[in-house]
Amino acid sequence: REELLLPVYYQVAVHFADLHDTPGRMQEKGVITDILEWKNARSFLYWRLRRLLLEEVVKAEVLKANSELSHIHIQSMLRRWFMETEGAAKGYLWDNNQVVVEWLEKHMQEDDGTQSAIWENIKYLKRDYMLKHIRSLAQANPEAAMDCIIQMAQHITRAQKAQVARLLSTVDNDVPS
């Protein structure tokens with residue numbers, strides 16, 4: 001009896017799967033963002049793949065600067081950097097893979113000694129992460145903080161030492177931070 005019913009069950013299963021895996025249904029469920037036409041599929045996939053690969057390169061650089069960031073956070077930072085450089089009026093272009101690839105390529109290059117928006121932001125992320133780490137170490141080991149300051153002072157120029165002295169003189173000594 002099972003052998004007789006197997007073809008029928010198979011047809012029902014295939015039909016059931018076909019009903020659930022249609023592009024329209026997948027778009028309704030949010031699994032895909034858009035339905036591609038076959039004639040545009042190659043171009044779309046080319047630009048999408050290039051975008052994803054470049055985004056992964058940037059994410060790796062960001063994670064080198066601050067390993068505590070999540071991929072979702074990095075993705076939102078990339079979008080914000082895009083909006084900051086391109087302007088809010090062009091924000092809708094974030095969904096255009098080709099435009100984002102061109103933006104990523106442009107801002108990942110270091111031309112004429114000037115830093116791009118991406119590298120500038122990564123530099124600030126690295127700086128903030130380092131300061132946070134140093135601050136937490138100094139708070140965890142207050143007895144070693146003075147030794148660290150002396151060690152660091154040995155590796156800076158006279159002008160930088162003068163600037164540090166000026167900054168330290170303006171710090172409120174009553175309230176530890």
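This passage describes two helices, the aromatic pairs and two buried charged residues of a predicted model.

Helix 5, which covers residues 97-108, was examined for its length and for the way its residues are covered by the rest of the chain. At 1.5 Å a residue, its twelve residues should span 16 Å, and the end C-alpha atoms are indeed 16 Å apart, so the expected and computed values agree. The buried residues of this helix are Asn 97, Val 100, Val 101, Trp 103, Leu 104, His 107 and Met 108. When helix 5 is viewed down its axis, these buried residues fall within an arc of 165°, and they therefore line one face of the helix. The partners against which the buried residues of helix 5 pack are helix 3 (38-65), helix 4 and helix 6 (117-140). At the N-terminal end of helix 5, Asn 96 acts as a cap, with a side-chain oxygen placed 3.0 Å from the backbone nitrogen of Gln 98.

Helix 8, formed by residues 158-170, offers a second case in which the span can be set against the expected value: its 13 residues reach 19 Å from the first C-alpha to the last, close to the 18 Å expected at 1.5 Å a residue. As to its surroundings, helix 8 is hardly covered, since the count of buried residues among its 13 residues is zero.

The aromatic side chains were considered next. A pair of aromatic rings is described by the distance of the centres and the angle of the planes. The count comes to three aromatic pairs. One of them joins Tyr 46 and Trp 47 in an edge-to-face arrangement, with 5.0 Å centre to centre and 80° between the planes. Tyr 46 has a relative accessibility of 43% and therefore counts as partly exposed, whereas Trp 47, at 17%, counts as buried because its value is under 20%. Phe 82 and Trp 103 form another edge-to-face pair, for which the centres are 5.3 Å apart and the planes make an angle of 80°. This pair links distant parts of the chain, as Phe 82 belongs to helix 4 (residues 71-86) and Trp 103 to helix 5, 21 residues apart. Both partners are buried, Phe 82 with a relative accessibility of 0% and Trp 103 with a relative accessible area of 3%. Through ring pairs, Phe 82 and Trp 103 are linked with Trp 94 into a cluster.

Charged groups were also found over aromatic rings. The charged end of Arg 51 sits over the ring of Trp 94, at 4.5 Å from its centre, and that of Lys 123 sits over the ring of Tyr 124, at 5.3 Å from its centre.

Two charged residues of helix 3, Glu 55 and Lys 59, were then examined for their burial and their contacts. Glu 55 has a relative accessibility of 4% and so counts as buried. If residues up to four places away in sequence are not counted, Glu 55 touches Gln 75, Leu 78, Trp 94, Val 100 and Leu 104; of these, Val 100 and Leu 104 are among the buried residues of helix 5, and Trp 94 is a member of the ring cluster. Lys 59 is likewise buried, with a relative accessible area of 10%. With neighbours within four places in sequence left aside, Lys 59 is in contact with His 71, Ile 74 and Gln 75.

Notes
Residues numbered from 1 in each chain as written. Predicted model: local features only at pLDDT ≥ 70, side-chain atom pairs only at ≥ 80, totals over all residues. Heavy atoms only, no water. Helix = DSSP H or I, 4+ residues; strand = E, 2+ residues; numbered from the N terminus. Expected span 1.5 Å × (residues − 1). Buried < 20%, exposed > 50% of the residue type's maximum accessible area, 1.4 Å probe, protein only. Phe/Tyr/Trp six-rings, centres within 6.5 Å; stacked < 30°, edge-to-face > 60°. Lys NZ or Arg CZ within 6 Å of the ring centre and 35° of its normal. Arc of directions from axis to C-beta. Contact = heavy atoms within 4.5 Å. Polar contact = N/O pair within 3.5 Å; in protein donor to acceptor, adjacent residues only side chain to side chain.
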